[in-house]
Amino acid sequence: REFGRAILVKGFTELKGRTLSMITESAEERYAGLLARRPDVIQNASLKHIASFLGITDTSLSRIRKEFSKK
């Protein structure tokens, strides 16, 4: 029971953090955070899924990736 509760609390905490980041961070900041935390996702997931996860369009993600490649 405690193990299940711990998993539920962890999931809720992650959801809350993601929701807050959607409100408080720019798309560039969300992409940079994902790149820092989970570079494997950036390499293995499709751009459409990454854009959806970040709450932006495919076009915006392409623009952001282009800007990051220049840095």
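**Talking through a predicted all-helix chain**

Colleague: Of the contacts in this chain between residues at least 6 apart in sequence, what share joins residues at least 24 apart?

Modeller: That share is 48%. Bear in mind that we're looking at a predicted model.

Colleague: What makes up the chain, in helices and strands?

Modeller: There are five helices and zero strands. Going along the sequence, you read α-α-α-α-α.

Colleague: How do you know whether the chain is compact or spread out?

Modeller: Set the radius of gyration against the globule rule: the chain has 14 Å, while the rule gives 11 Å for 71 residues. The value is well over the rule, so the chain is more spread out than a compact globule. For the dimensions, the C-alpha trace spans about 50 × 25 × 20 Å along its principal axes.

Colleague: And what about burial and surface, how much of each does the chain have?

Modeller: Of the 71 residues, 18% count as buried. The accessible surface comes to about 5,600 Å², and carbon and sulfur atoms hold 59% of that.

Colleague: Let's take Phe 3, which sits in helix H1 (residues 2-24). Why is Phe 3 called buried, or exposed?

Modeller: Its relative accessibility is 65%, and exposed means over 50%. Phe 3 is past that cut-off, so it counts as exposed.

Colleague: How far is Phe 3 from Tyr 31 in sequence and in space?

Modeller: They're 28 residues apart in sequence and 32 Å apart C-alpha to C-alpha.

Colleague: Now Ala 27 in helix H2. What makes Ala 27 buried or exposed?

Modeller: Buried means under 20%, and Ala 27 comes in at 15% relative accessibility, so it counts as buried. Leaving aside neighbours within four places in sequence, Ala 27 is in contact with Ile 56 and Ile 64. With Ile 64, the separation is 37 residues in sequence but 8.1 Å in space, C-alpha to C-alpha.

Colleague: Staying with H2, how does helix H2 (residues 27-37) pack with helix H4 (residues 47-54)?

Modeller: At an angle of about 115°, with the axes 10 Å apart. H2 passes H4 in a right-handed crossing. On the H2 side, the contact is made by Arg 30, Tyr 31 and Leu 34; on the H4 side, by Ile 50, Phe 53 and Leu 54.

Colleague: How do the residues of that H2 with H4 contact divide into nonpolar, polar and charged?

Modeller: Five are nonpolar, none is polar and one is charged. Arg counts as charged, so Arg 30 of H2 is the charged one.

Technical notes
Residues numbered from 1 in each chain as written. Predicted model: local features only at pLDDT ≥ 70, side-chain atom pairs only at ≥ 80, totals over all residues. Heavy atoms only, no water. Axes fitted to C-alpha atoms, helices over the stretch in contact; angles between N-to-C directions. Helix = DSSP H or I, 4+ residues; strand = E, 2+ residues; numbered from the N terminus. Left-handed = near helix turned anticlockwise from the far one by under 90°. Contact = heavy atoms within 4.5 Å. Rg over C-alpha atoms; globule rule 2.2 N^0.38 Å. Buried < 20%, exposed > 50% of the residue type's maximum accessible area, 1.4 Å probe, protein only. Areas by Shrake-Rupley, 256 points an atom, 1.4 Å probe, with all protein chains shown as cover.
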